[in-house]
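Subject: Two-chain model, handover and notes

Hi,

Here is the structure I promised to pass on. Have a look at it first, then read on for what turned up.

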Amino acid sequence: MSAPTLIAPAADTAPPRRRGRGRAAGVTGAFWLFVGPFLVGLVIFVYIPIVWSLVLSFSRAQNTVTPGDWIGLQNYLDLLRPGPFLDSLITFTIFAAFIVPLTFALSLGLALLLNGVRIMRAFFRSVYFLPTACSYVVASLVWKLSIFNGVRFGLANTILGWFGVDNIAWLATTSPPWYWLVIVTVRLWLQIGFYMILFLAGLQRISPELYEAAAVDGAKNAWQTFRYITFPQLRATSVAVLLLLLINAYQAFDEFFNLLGNSSFARPPLVYLYYTAQGNQDFGHGTAGAVILALLIMIVTLAQGRIFGFGKAE
Amino acid sequence: MTGQSFDRRRFLRGLGLGAAAIGGSQLLAACGGGSSGLSGSQGGGASSGASGSKPALNVWYHQYGEAGTQQAVMRYAKEYPNASVKVQWTPGDYTSKLNAGLLSTSGPDVFESGVNIDQVKSGQVVALDDIIAEAKSDYPAADIKSSTVDGKIYQVKMVDDMGVLYYRKSILDKAGVKPPTTIDELIAASKALTTKDQKGLFIGNDAGVTPSFGGGSLLGPVLYTVGSDYLTADNKPGFTSAAVKQSFAKMRELFVSNSILLGAPTDWWDPSSFTQGLAAMQWCGLWAMPGIQKALKDDFGVVAWPQFSSSVGKPSTFLGGWGAMVSAKSANVDAAKAYIKWLWIDNTKDQEDFNLSYGFHIPPRKSLAAQASKLQSGPAADALKIFNDHAVPGNPAWTPKMNNAYADAATAIVRKGGDIDANLAKAEKVVNAELTRLFG
């Protein structure tokens with residue numbers, strides 16, 4: 001595959017000449033200048049490891065990352081039997097069922113509120129976006145050590161203490177499963193701002209004429225405008241947000257790892273695979289699980305793209 | 001490849017989707033984590049000591065909690081005349097980093113760990129019989145046992161660790177409670193010592209059964225207390241007897257008694273919860289004793305993990321600690337062995353310093369432990385006696401995979417109230433499959 005075939009058809013009809021084609025060649029050069037480093041990084045750090053994992057997943061790889069001891073689909077069959085990996089997929093499903101609609105609704109709500117604000121809009125926008133810049137690890141530690149620690153001087157317990165409620169060990173209590181509260185709130189805090197910005201951008205692209213026309217046609221209240229104008233107009237944004245949220249939920253790792261460690265009662269797939277590969281040094285099963293997960297994400301992404309038309313022009 | 005197939009927009013969209021699937025929004029928002037976990041000081045490398053110069057050795061440690069330990073190992077490294085030794089001190093998840101390091105040529109030459117049968121079988125570590133031969137009889141039999149696979153020794157113990165049950169004398173006296181000698185007494189004491197702001201017992205935020213970040217402190221003792229072990233002497237699962245099931249039922253009883261401390265700022269291996277009065281008793285390591293002495297003077301005592309009942313089982317503790325090992329991928333295996341022999345076998349002065357000047361550990365060489373003045377009186381002497389009488393060595397054939405399966409069962413039983421028989425049977429299946437893989 002020679003480079004020019006990837007580029008605009010104009011470039012490959014004839015060898016570039018001095019003047020007439022100079023512009024096209026310059027554009028091609030600029031294209032590779034900007035895309036090249038990113039592409040190289042993506043190939044080395046993403047695509048090669050993916051292919052390597054794929055190869056390794058058909059091999060028995062205990063304490064080695066060199067494929068060779070071929071065992072066909074055995075690793076896949078082991079994982080797809082009832083066991084911790086399938087349990088972890090169930091954990092993920094529960095988690096996604098909580099987090100996806102909640103983040104979606106809250107970030108959309110925030111964006112609508114913010115869009116209606118007339119003063120200090122930039123300030124509010126920054127304030128809500130800021131948590132996105134915080135690392136999951138740091139946020140998890142803050143949640144674990146100061147807000148939801150289990151002793152009397154944790155923030156949550158201090159406040160409950162004012163009302164005479166006993167200390168609650170938030171992360172250790174399994175009935176009721178308070179740890180979900182910690183996990184879900186930390187992720188909401190970290191994520192909402194980012195999706196709010198996406199929605200805000202979408203909202204600002206809706207033409208005001210539509211609202212005027214709706215008012216003329218007799219759209220009575222805010223709910224009707226939202227239901228028939230705003231929400232349909234946000235379709236492209238909503239689809240993108242849903243997709244990102246779902247992928248993100250599949251990839252949940254940091255807060256579970258830092259807050260709950262290797263707990264069988266709430267262990268998403270990536271945490272299980274991390275302990276399989278890094279802890280047990282069982283890279284065969286680890287990579288097979290990663291491939292299954294990648295396939296799942298791909299199927300969901302493609303299905304969603306099919307149904308809602310992700311990335312299509314409107 | 002004719003025309004039309006590929007245009008720039010589609011190409012970029014493909015890349016973007018790929019990036020979104022991999023990095024999610026974190027990548028798009030161009031921020032997020034970003035801590036690499038590596039200390040960056042890899043330069044100098046382990047390979048090819050230029051002719052005439054001393055070989056270079058990379059030596060990896062996990063982070064010991066006690067102040068001064070890092071400076072100590074740096075000093076030992078500097079004192080060594082025959083190689084230029086570079087110390088890598090690793091806070092956080094040392095095991096994962098070490099596992100990755102052992103797969104690559106830029107990993108450690110010498111590292112601390114414990115012996116694991118898969119590392120031996122896959123040829124990642126080097127046997128050390130030749131350097132330990134002369135001194136072998138000066139090591140406790142338990143140490144030799146936990147260092148040996150198929151008759152060969154793969155580590156030189158640097159420190160021996162053990163757990164003890166610390167208790168506050170004054171608080172127990174006030175409540176009229178005696179240091180527990182059976183599990184029932186332990187549960188009763190834990191309940192009796194619980195007040196509004198103080199729990200009776202601290203065994204870890206994971207209730208002692210979930211092995212991450214150093215947790216799972218009681219996965220062994222819950223078996224030892226009834227006289228069982230992870231694996232039997234002939235390498236069969238040792239955790240499925242009726243006695244073990246009773247022991248798990250008691251652990252569950254302890255968990256739901258609302259008398260154990262959970263959600264503390266630090267975990268069982270750190271004495272802060274005990275010294276700050278969050279718990280009246282704590283299962284913790286001997287390593288924490290200097291800190292406890294400093295905080296509580298002589299208002300504390302130690303006992304072993306209690307036996308199950310007056311007629312069943314025996315008191316116990318774990319034999320832990322760290323051993324120095326050599327990576328088979330090292331370019332300087334002989335120099336690495338020579339360094340271990342110099343520091344952890346011959347150099348008794350530094351061994352005593354490392355074991356007893358910072359936290360308390362038991363110097364692995366028996367001759368050294370017997371004469372160490374700090375272990376001769378008070379609770380430290382009680383601990384040494386518990387160690388000599390009751391410490392249970394680890395078994396290198398107990399793989400991390402077995403441990404994870406067993407710990408999943410323990411977590412489900414103790415923390416979730418899961419069915420004891422069903423969960424242990426699930427773990428037994430995994431362990432049996434592993435044993436078949438290892439021994440046929």
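Before the first helix pair, one convention: axes are lines fitted to C-alpha atoms, for helices over the stretch in contact, and angles run from 0 to 180 degrees between N-to-C directions. Also, please keep in mind throughout that this is a predicted model.

On to chain A and its helix α3 (residues 84-116). The axis of α3(A) comes within 7 Å of the axis of helix α7 (residues 179-204) of chain A, and the two cross at roughly 50 degrees. That angle is why α3(A) counts as oblique to α7(A). As for hand, α3(A) and α7(A) make a right-handed crossing.

Which residues of α3(A) meet α7(A)? On the α3(A) side they are Phe98(A), Ile99(A), Leu102(A), Thr103(A), Leu106(A), Ser107(A), Leu108(A), Leu110(A), Ala111(A), Leu114(A) and Asn115(A). Facing them from α7(A) are Val184(A), Arg187(A), Leu188(A), Gln191(A), Ile192(A), Tyr195(A), Met196(A), Phe199(A), Leu200(A) and Leu203(A). Sorted by class, the contact of α3(A) with α7(A) holds 16 nonpolar, four polar and one charged residues.

There is a second partner for α3(A), namely helix α10 (residues 235-250) of chain A: the pair packs at an angle of about 145 degrees, with axes 9 Å apart. Here too the crossing is right-handed, with α3(A) passing α10(A). From α3(A), the contact uses Phe92(A), Phe95(A), Ala96(A), Ile99(A), Val100(A), Thr103(A) and Phe104(A). From α10(A) come Val241(A), Leu242(A), Leu245(A), Leu246(A), Ala249(A) and Tyr250(A). The class count for α3(A) with α10(A) is twelve nonpolar, one polar and no charged residues. If you look up Ile99(A) and Thr103(A), you'll find them in the contact with α7(A) and again in the contact with α10(A).

Zooming out, how many helices and strands does chain A have? It has 13 helices and zero strands, so to speak in order from the N terminus, the elements run α-α-α-α-α-α-α-α-α-α-α-α-α. The domain assignment splits chain A into domain 1 (1-56) and domain 2 (77-308). Taken over C-alpha atoms, the centres of domain 1 and domain 2 of chain A are separated by 36 Å. Chain A has a radius of gyration of 25 Å, whereas a compact globule of 314 residues would be near 20 Å. Along the principal axes, the C-alpha atoms of chain A fill a box of roughly 80 × 70 × 30 Å.

One backbone detail in chain A is worth a click: Ser175(A) and Pro176(A) are joined by a cis peptide bond, with omega about -5 degrees. Pro176(A) sits in the loop between α6 (155-162) and α7 of chain A.

Now chain B. Its domain assignment gives domain 1 (56-161 + 320-385) and domain 2 (163-318 + 399-439). The centres of these two domains of chain B, over C-alpha atoms, are 27 Å apart. Domain 1 of chain B puts 14 residues into the contact, and domain 2 of chain B puts in 14 residues. On the side of domain 1 of chain B that touches domain 2 of chain B, α4 (117-121) and α16 (378-390) of chain B each supply at least two residues. The largest share of that side, four residues, is from α16(B). By class, the residues on that side of domain 1 of chain B are five nonpolar, five polar and four charged.

Chain B has a helix pair to look at as well. Helix α10 (residues 242-256) of chain B and helix α18 (residues 420-439) of chain B have axes that come within 11 Å and cross at roughly 120 degrees. α10(B) and α18(B) are therefore oblique to each other, and their crossing is right-handed. Lys245(B), Phe248(B) and Ala249(B) of α10(B) make the contact with Ile420(B), Asp421(B) and Leu424(B) of α18(B). That contact of α10(B) with α18(B) counts four nonpolar, no polar and two charged residues.

Last item: Asp150(B) is not a glycine, yet it has a positive phi of about 50 degrees. You'll find Asp150(B) in the loop between β4 (148-149) and β5 (152-153) of chain B.

Cheers

Definitions and conventions: Residues are numbered from 1 along each chain as its sequence is written. Chains are lettered from A and ligands numbered from 1 in the order in which they are written. This is a predicted model: local features need pLDDT of at least 70, side-chain atom pairs count only at pLDDT 80 or more; totals for chains, interfaces and linings use all residues. Angles under 35 degrees count as roughly parallel, over 145 as roughly antiparallel, 65 to 115 as roughly perpendicular and the rest as oblique. A crossing is left-handed if the near helix is turned anticlockwise from the far one by less than a right angle, and right-handed if clockwise. Two residues are in contact if their C-beta atoms, placed from the backbone, lie within 7 Å. Ala, Val, Leu, Ile, Met, Phe, Trp, Tyr, Cys and Pro count as nonpolar, Asp, Glu, Lys and Arg as charged, and the others, Gly among them, as polar. Domain bounds come from an automatic or database domain assignment. The radius of gyration is taken over C-alpha atoms; the globule rule is 2.2 Å times the number of residues to the power 0.38.
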